[in-house]
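Student: I would like a close look at one part of this model. Please start from a single residue and work outward to whatever surrounds it.

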Amino acid sequence: MDESELIKGIQQGDNKAFRLLVETYQRMVVNTCFGIVHSAADAEDLAQDVFLEIFRTAGNFRGDSKISTWLYRIATNRSLNFVRNKKRKGFFQSLEEAFTGGKNLTSEISESRSDRPDQNITDQQRSDLLHRAIDRLPEKQRIAFTLNKYEELPYQQIAEVMEISLASVESLIHRAKKNLQEQLLDCYKKKCV
Amino acid sequence: MKTKCIHKDLIFYLDNELSEEKRTAIEKHLEECADCQSFLAFLKKGMQVIEMEKNPEVSPFFYTRLSTRLEVKPEYQAQSQWVRLAQPAFFSLLLVLGIYGGLKMGSNASTTNANQQTTSSIQMLNDFEAEPIESFLLNEL
């Protein structure tokens with residue numbers, strides 16, 4: 001079944017076609033979301049939302065681009081929205097904690113570490129450090145970098161997903177790497193890991 | 001002679017994105033500079049995190065969960081859409097009523113104050129007339 005048949009099937013409410021689409025692309029969507037939200041459980045929930053959106057809006061798909069491009073676009077948008085909401089909630093939570101004297105950063109770190117006993121502290125610290133560095137990147141740099149590093153997409157396909165020129169993608173990824181390196185260098189100098 | 005550290009190019013060196021000439025220069029520098037070597041190792045380990053964590057395993061029940069949500073979601077969505085419209089309307093109405101009530105109470109307050117003063121003065125006069133303590137005590141005697 002090729003892409004147009006798959007989409008036609010979904011538009012007609014064919015569950016088999018939808019199942020085939022999910023099974024073909026679920027790993028790709030979960031991985032893309034994971035690159036932005038850094039949590040396997042959240043990434044899976046977001047991937048479910050992506051497929052629900054696909055199922056409901058399949059009628060709007062004109063077939064100008066590949067299904068994967070459409071999926072990447074929805075997955076990155078939803079993941080960024082999720083991160084924005086989380087940040088907003090975190091802000092209010094920290095305000096609440098400041099007033100009520102809630103849990104501090106040290107207890108939070110030790111809690112997050114106890115979730116993954118299979119990894120040693122240094123690995124976990126390194127992973128936290130990289131996630132924090134990626135989270136600090138401007139959104140466009142983050143999307144371009146994630147698609148390139150986590151999904152290994154070529155620059156041309158990233159340009160199609162982000163609807164920007166190839167030169168812009170090159171520039172975004174170059175700046176993203178520079179920014180990441182600066183943050184890691186800063187940490188290296190302070191010996192934070 | 002020790003050359004200047006080349007920290008800013010190392011991420012591109014790792015990703016093999018430098019020209020042959022620059023790459024050779026960096027490799028030569030790395031042979032002499034322990035600090036750059038150490039940072040390169042740090043950077044390499046940091047970027048390896050992506051290789052280790054990407055492609056997380058997807059739950060085998062992914063589609064089962066999704067199909068359950070597909071059946072449940074429309075009703076919930078319709079409800080949530082109604083709530084999304086009704087909630088701000090309700091709170092706006094509440095706010096307008098609150099402001100109107102506040103203004104109404106505020107404008108009444110000045111007249112009520114004046115009335116209260118008159119009432120209390122009348123009450124005092126009336127009290128005095130109704131129960132003149134001096135005459136009551138004199139009558140007792």
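Student: Where is His38(A) found? Please follow the helices from there to the contact with the other chain.

Tutor: This is a predicted model. His38(A) sits in the loop between H2 and H3 of chain A. Its surroundings hold 19 C-beta neighbours inside 10 Å. Burial needs 20 or more, so His38(A) counts as partly exposed. One partner in space is far off along the chain. His131(A) lies 93 residues away in sequence, yet the two C-alpha atoms are 6.9 Å apart.

Next, the chain around this loop. Chain A has nine helices and zero strands. Read from the N terminus, its elements run α-α-α-α-α-α-α-α-α. Of its 193 residues, 32% are buried. Among contacts in chain A with a separation of 6 or more, 62% join residues 24 or more positions apart.

Now take the helix before the loop. Two packed helices are described by the angle between their axes and the distance between the axes. H2(A) packs on helix H7 (residues 139-149) of chain A at about 135°, with the axes 9 Å apart. Roughly perpendicular stops at 115 degrees and roughly antiparallel begins over 145, so H2(A) is oblique to H7(A). Their crossing is right-handed. H2(A) brings Thr32(A), Gly35(A) and Ile36(A) to this contact, while H7(A) brings Arg142(A), Thr146(A) and Leu147(A). Sorted by class, the contact has two nonpolar, three polar and one charged residues.

H7(A) leads on to another helix. It packs with helix H8 (residues 155-162) of chain A, again at about 135°, with the axes 10 Å apart. H7(A) and H8(A) are therefore oblique to each other. This crossing, too, is right-handed. From H7(A) come Ile143(A), Ala144(A), Leu147(A) and Asn148(A); from H8(A) come Ile158(A), Val161(A) and Met162(A). The class split is six nonpolar, one polar and no charged. Leu147(A) serves in the contact with H2(A) and in the one with H8(A).

Back to H2(A), and across to chain B. The contact between the chains takes 27 residues from chain A and 25 residues from chain B. On the side of chain A, the elements that give two or more residues are helix H2 (15-37), helix H3 (40-57), helix H6 (121-135) and helix H9 (166-190). H2(A) gives the largest share of that side, eight residues. By class, the side of chain A has 15 nonpolar, five polar and seven charged residues.

One helix pair spans the two chains here. The axes of H9(A) and H3(B) come within 10 Å and cross at roughly 120°. Angles of 65 to 115 degrees count as roughly perpendicular, and 120° lies outside that range, so H9(A) is oblique to H3(B). The crossing is right-handed. Gln181(A), Leu184(A), Leu185(A) and Tyr188(A) of H9(A) meet Phe39(B), Phe42(B), Leu43(B) and Gly46(B) of H3(B). Six of these residues are nonpolar, two are polar and none is charged.

Look at Phe39(B) in that set. It belongs to helix H3 (residues 34-53) of chain B. Phe39(B) counts as buried because it has 21 C-beta neighbours inside 10 Å. Leaving out residues up to four places away in sequence, Phe39(B) touches Leu185(A) and Tyr188(A) from chain A, plus His7(B) and Leu10(B) from chain B. Distance in sequence also separates in space here: Gly102(B) is 63 residues from Phe39(B), and their C-alpha atoms are 66 Å apart.

Finally, H3(B) as a whole. An α-helix has 3.6 residues a turn, so residues three or four places apart point the same way. The buried residues of H3(B) are Cys36(B), Phe39(B), Leu43(B) and Gly46(B). Among these, Phe39(B), Leu43(B) and Gly46(B) meet H9(A). How far apart are the end C-alpha atoms of H3(B)? They are 29 Å apart, and at 1.5 Å a residue its 20 residues should span 28 Å, which agrees. Just after H3(B), Asn55(B) takes a positive phi of about 55°.

Key. Residues are numbered from 1 along each chain as its sequence is written. Chains are lettered from A and ligands numbered from 1 in the order in which they are written. This is a predicted model: local features need pLDDT of at least 70, side-chain atom pairs count only at pLDDT 80 or more; totals for chains, interfaces and linings use all residues. Two residues are in contact if their C-beta atoms, placed from the backbone, lie within 7 Å. Helices (H or I, at least four residues) and strands (E, at least two) are DSSP runs, numbered from the N terminus. Ala, Val, Leu, Ile, Met, Phe, Trp, Tyr, Cys and Pro count as nonpolar, Asp, Glu, Lys and Arg as charged, and the others, Gly among them, as polar. A residue is buried if 20 or more other C-beta atoms lie within 10 Å of its own, exposed if 12 or fewer, and partly exposed in between; C-beta atoms are placed from the backbone. The expected span of a helix is 1.5 Å times one less than its number of residues. Axes are lines fitted to C-alpha atoms, for helices over the stretch in contact, and angles run from 0 to 180 degrees between N-to-C directions. Angles under 35 degrees count as roughly parallel, over 145 as roughly antiparallel, 65 to 115 as roughly perpendicular and the rest as oblique. A crossing is left-handed if the near helix is turned anticlockwise from the far one by less than a right angle, and right-handed if clockwise.
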